[in-house]
Every structure is written in structure tokens, then in C-alpha cells.
Amino acid sequence: MLNYMTRLLKTIWYTITGRAHEEGDKLLFQNPHAIRHAYDVIIRYKQANIQNHKNVMGQLIATIEQKKNSLNRVNDEIDGLKSSIAKLLENKNEKATELQESGLSDEELNQHADYIHIINLHNEFVTTLEERTVRSSKLNREIQRAEEDIKSHKDELVLLHRSVEKLKSEQTDAVEDSGRST
């Protein structure tokens with residue numbers, strides 16, 4: 001009973017003087033199990049953070065693969081359009097030569113249905129080529145940005161792994177120190 005009263009009076013005194021937390025912390029950090037648990041909580045938090053970074057990196061890698069596939073398709077379209085434009089230019093020149101040799105003037109040539117059709121197709125292909133080129137550039141930038149994000153996450157993972165290893169080492173030392181002080 002006397003022991004209980006002594007502890008009660010100490011608790012009241014520490015609360016009044018504002019040292020209750022300080023004394024509680026002292027008692028807490030003398031307990032090896034409490035120290036181990038405190039470190040374990042921090043380590044688990046950091047390990048969860050590591051797993052989150054790995055998950056984000058996995059998603060970014062999948063996104064990069066999708067964008068690379070899209071980029072390959074767009075680049076194939078660009079190559080096809082360039083080839084089609086080159087063929088249309090040949091057809092346009094051949095048609096112009098053919099029509100001029102048949103006696104059409106430049107004015108009549110520019111109003112001829114076949115010639116106008118070739119020019120319109122050429123213009124459509126050029127417009128589509130410009131759109132695909134813009135899309136290709138955008139995909140390249142998105143891939144580059146995602147690769148930079150992955151690098152950033154890798155750097156963060158290295159730091160987190162080092163931090164976990166350091167905490168594990170500190171945990172061992174702190175538990176040993178607390179065992180010696182009791």
C-alpha cells in the first residue's frame with residue numbers, strides 16, 4: 001500500500017511539474033520490448049512505403065510498355081503516310097505531265113477532277129502525317145517523363161532500404177543498451 005501511495009504521489013508531482021511525459025518516456029525506453037516494438041512499427045511503416053514505391057514503379061513500367069506499343073503503331077503509320085505521300089507526288093507529277101501533253105493549260109489542269117483528287121488526297125495525308133507526328137512527340141515525352149519518375153522511385157527505394165537497415169542496426173543496439181541499463 002505504501003508503494004502504491006508513493007507511486008501515486010510521484011505521478012501527481014510529475015504531472016504538476018510537467019515532467020510526467022519525461023518520466024514516462026524514461027520508463028518506456030528502459031523496457032527492451034517497448035524499444036523493439038517502437039522500432040518495429042517504424043520499420044514496418046518504411047517497408048510498406050517501399051512496397052508502395054514498388055507498386056507505383058510496376059504501374060509506370062506497364063504504362064511505358066503501353067505507350068511504347070502505341071508509339072510503334074504511330075511511327076508505323078507515319079512511315080506508311082510518308083510512303084503514300086511520296087507515291088501521290090509521283091502520281092501528281094505523272095498526271096500533270098500526261099494532262100499537259102494532252103494539251104491542257106495550267107488553268108485547266110488545276111481544275112481537272114483526277115488532278116484535284118490527287119491533290120486533295122495529298123493534303124489529307126499531309127494533315128494526318130502532321131497529327132501523327134504530334135502524337136509521336138507527345139508519346140515520347142510521356143515515356144521520358146515516366147522513365148524519370150521510375151528513376152526517382154528507384155532512388156527513393158535505395159534511401160528507404162538504407163534507412164530500414166540502419167533502423168534494424170539501431171534497434172539491436174538500443175535493445176542491448178536498454179537491457180544493460182535495467
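Helices here are DSSP runs of H or I with at least four residues, numbered from the N terminus. I kept that in mind from the start, and I also noted that this is a predicted model.

**Entry 1: Met57 and what it touches**

I looked up Met57 and found its place in helix 3, which covers residues 32–101. I then asked myself whether Met57 is buried or exposed. Its relative accessible area is 11%, and because buried means under 20%, I wrote Met57 down as buried.

Which residues is Met57 in contact with, once its neighbours within four places in sequence are left aside? I listed Ile150, His153, Lys154 and Leu157. I also checked Met57 against Glu147, and although the two are 90 residues apart in sequence, their C-alpha atoms are 9.4 Å apart in space.

**Entry 2: Val56**

I went on to Val56, whose place is also in helix 3. Val56 has 30% relative accessibility and so counts as partly exposed, whereas Met57 is buried. For a distance along this part of the structure, I took Val56 and His153, which are 97 residues apart along the chain, and I noted that 8.1 Å separates their C-alpha atoms. His153 had already appeared in my list of contacts for Met57.

**Entry 3: A salt bridge between two helices**

How many salt bridges does the structure hold? I noted eight, and I followed up some of them one by one.

I began with Glu77 and Arg132, whose side chains meet in a salt bridge at 2.4 Å, N to O. Because Glu77 lies in helix 3 and Arg132 in helix 5, this pair ties together parts that are 55 residues apart in sequence. I looked up the accessibility of both partners, and I found Glu77 partly exposed with a relative accessible area of 36%, while Arg132 is partly exposed at 27%. The pair also belongs to a network of salt bridges, in which Glu77, Glu131 and Arg132 are linked.

**Entry 4: Salt bridges along helix 5**

I turned next to Lys151 and Asp155, whose side chains meet in a salt bridge with a distance of 3.2 Å, N to O. The two are four residues apart in helix 5, so about one helical turn separates them. Lys151 is exposed, with a relative accessible area of 51%, and Asp155 is partly exposed, with 39%.

I then looked at Glu170, which forms a salt bridge with Lys166, and I noted that the closest N and O atoms are 4.0 Å apart. Why are Glu170 and Lys166 separated by about one helical turn? I reasoned that this is because they are four residues apart in helix 5. For accessibility, I recorded Glu170 as partly exposed at 29% and Lys166 as exposed at 53%.

**Entry 5: A patch of positive charge**

Last, I asked which residues gather in a patch of positive charge on the surface. I wrote down Arg135, Lys138, Arg141 and Arg145. I followed one of them further and placed Arg145 in helix 5, which covers residues 113–181. Arg145 has a relative accessible area of 47%, and because partly exposed runs between 20% and 50%, I entered Arg145 as partly exposed.

Terms used:
Residues numbered from 1 in each chain as written. Predicted model: local features only at pLDDT ≥ 70, side-chain atom pairs only at ≥ 80, totals over all residues. Heavy atoms only, no water. Patch = residues over 30% accessible without salt bridge, like charges linked within 9 Å, V, L, I, M, F, W, Y side chains within 5 Å. Areas by Shrake-Rupley, 256 points an atom, 1.4 Å probe, with all protein chains shown as cover. Lys, Arg positive; Asp, Glu negative; His and termini not counted. Charge placed at Lys NZ, Arg CZ, Asp CG, Glu CD. Buried < 20%, exposed > 50% of the residue type's maximum accessible area, 1.4 Å probe, protein only. Contact = heavy atoms within 4.5 Å.
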